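Reader: Could you take me through one part of this model at close range, and then show me how it sits in the whole? I would enjoy a connected account rather than a list.

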Amino acid sequence: MTTFAGRETAAPTAASFIELDEQWSTHNYHPLPVVIAEASGASVTDVEGRSYLDFLSGYSALNFGHRHPDLIAAAVAQLGRVTLTSRAFHHDQLGLFCRELAELTGTELVLPMNSGAEAVESAVKVARKWAHQVKGVPDGTAEIIVAGSNFHGRTTTIVSFSTDETARADFGPFTPGFVTVKYGDAAALRDAITPRTAAVLLEPVQGEAGVIVPPEGYFAEVRAACDEHGVLLIADEIQSGLARTGTVLALDHEGVRADVYTLGKALGGGILPVSAVVGRRDVLGVLKPGEHGSTFGGNPVACAVGRAVVKLLKTGEFQQRSAELGAHLHDRLTALIGHGLSEVRGRGLWAGIDIAPGGPSGRAASEALAGRGVLCKETHERTLRVAPPLVITRAELDRGIDAIAEVVRP
């Protein structure tokens, strides 16, 4: 017998845990019926002892796999020293973390926060203040250009410029100051710039939309338009950054530099929420004491783990693994076009795959993959996102791809 939910009972099953979730947690997610209890590397184990291959990586939060020993060691060591000071005081990890992250990303200043949405909200505030104080845009009139089908988070301001009605419905009134153009259309973006434009906020690869890679040369044109009109370019690298696409930053593939980047997910090593806004000193430097902050942003444990993440990335190992295994992933998935898939997109160990008409829905395919021991998740009706941890082996990768081939085969 086992004590479960406060009473003596038989060993709990997946169904019993799911029942608890359904009764006591808000239904703002629709998870697969898998209850994970343990994890290591690219594998997880459920409460009934079944093993699965992780093909989602916590939406890129687990780029280094589950419980990477270096990251766990950094967290445990810091937990034994000091966990929180708030920013009312200095601590011995903050400056080191900011310097090391700035050096890794080729930037000049770091604003540490917690969640990805917080990083985006912070970047929006910085861009507006910069526009008012530096560019001379009248207070309260600054605009930010965004792309349709974007995903930058789910806070009230961010869903104000979402084009996903599920994200927006019944959450108004919405925050003004955003102009939406089609992703990948540089001419439309250029035409949308006015003297009030503070910034352009774009994902180098649109993840939630289905891992959409922009047309070649798009970001070079965007950069040129921003330079011509004195507009900031903000790159949301929360999912795409930190080696997911084979480079430190996905925008590196375009040979373009942003003025500001938002980072998150993998920056916390899959251990705790860590995010940051990094960029030019003259842009982030517009913030003064009292104008922005976060009790937990830049806390000692977050900084210690973030430093360990940066150390892993400095070796280049994970960028190389993503590039090499990603090429294999895309070769194999592309071979399935006409055999259950209609399109494959992405970069590195990240792919969006569209299931051909007549095949299963994305949800049905996700459930069928779970039955074969592979955890993946749909986005929209007929698209799966594939994003295994960068520590995955070639054999594990092939096992997951074989399962996809079985599930989508007509």
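Author: Happily. In helix 4 of this predicted model, the buried residues are Leu94, Phe97, Cys98, Glu100, Leu101, Ala102, Leu104 and Thr105. Glu100 is thus listed as buried along with Leu101 and Ala102. What do these buried residues pack against? Their partners are strand 6 (109-113), strand 11 (260-263), strand 12 (275-279) and helix 11 (300-314).

The helix itself runs over residues 94-105, which makes 12 residues. From its first C-alpha to its last it reaches 17 Å, close to the 16 Å expected at 1.5 Å a residue. Just after helix 4 comes Gly106, with a positive phi near 70 degrees.

Two of the packing partners lead us to another backbone feature. The loop between strand 11 and strand 12 holds Lys265, a residue other than glycine whose phi is positive, near 45 degrees. Is Lys265 buried, exposed or partly exposed? Its relative accessibility is 30%, so Lys265 counts as partly exposed, as it falls between the 20% and 50% cut-offs.

Arg67 makes a good companion case. Here, too, phi is positive in a residue other than glycine, near 55 degrees. Arg67 belongs to the loop between helix 2 (57-60) and helix 3 (69-79). With a relative accessible area of 55%, Arg67 is over the 50% cut-off and therefore exposed. For background, most residues other than glycine have a negative phi, and most peptide bonds are trans.

That brings us to a cis peptide bond, which joins Gly172 and Pro173 with omega at about 5 degrees. Pro173 is in the loop between helix 7 (165-168) and strand 8 (178-181).

Now let us step back to the whole protein. There are 14 helices and 17 strands, and buried residues account for 53% of the 410 residues. The radius of gyration is 22 Å, which agrees with the value near 22 Å for a compact globule of 410 residues. Along the principal axes, the C-alpha atoms fill a box of roughly 65 × 55 × 45 Å. Among contacts between residues at least 6 apart in sequence, 69% join residues at least 24 apart.

As for the surface, the accessible area comes to about 17,900 Å², with 53% belonging to carbon and sulfur atoms. The protein carries 37 positive and 47 negative side chains, and the centres of these two sets lie 3 Å apart.

Terms used:
Residues numbered from 1 in each chain as written. Predicted model: local features only at pLDDT ≥ 70, side-chain atom pairs only at ≥ 80, totals over all residues. Heavy atoms only, no water. Helix = DSSP H or I, 4+ residues; strand = E, 2+ residues; numbered from the N terminus. Expected span 1.5 Å × (residues − 1). Buried < 20%, exposed > 50% of the residue type's maximum accessible area, 1.4 Å probe, protein only. Contact = heavy atoms within 4.5 Å. Rg over C-alpha atoms; globule rule 2.2 N^0.38 Å. Areas by Shrake-Rupley, 256 points an atom, 1.4 Å probe, with all protein chains shown as cover. Lys, Arg positive; Asp, Glu negative; His and termini not counted. Charge placed at Lys NZ, Arg CZ, Asp CG, Glu CD.
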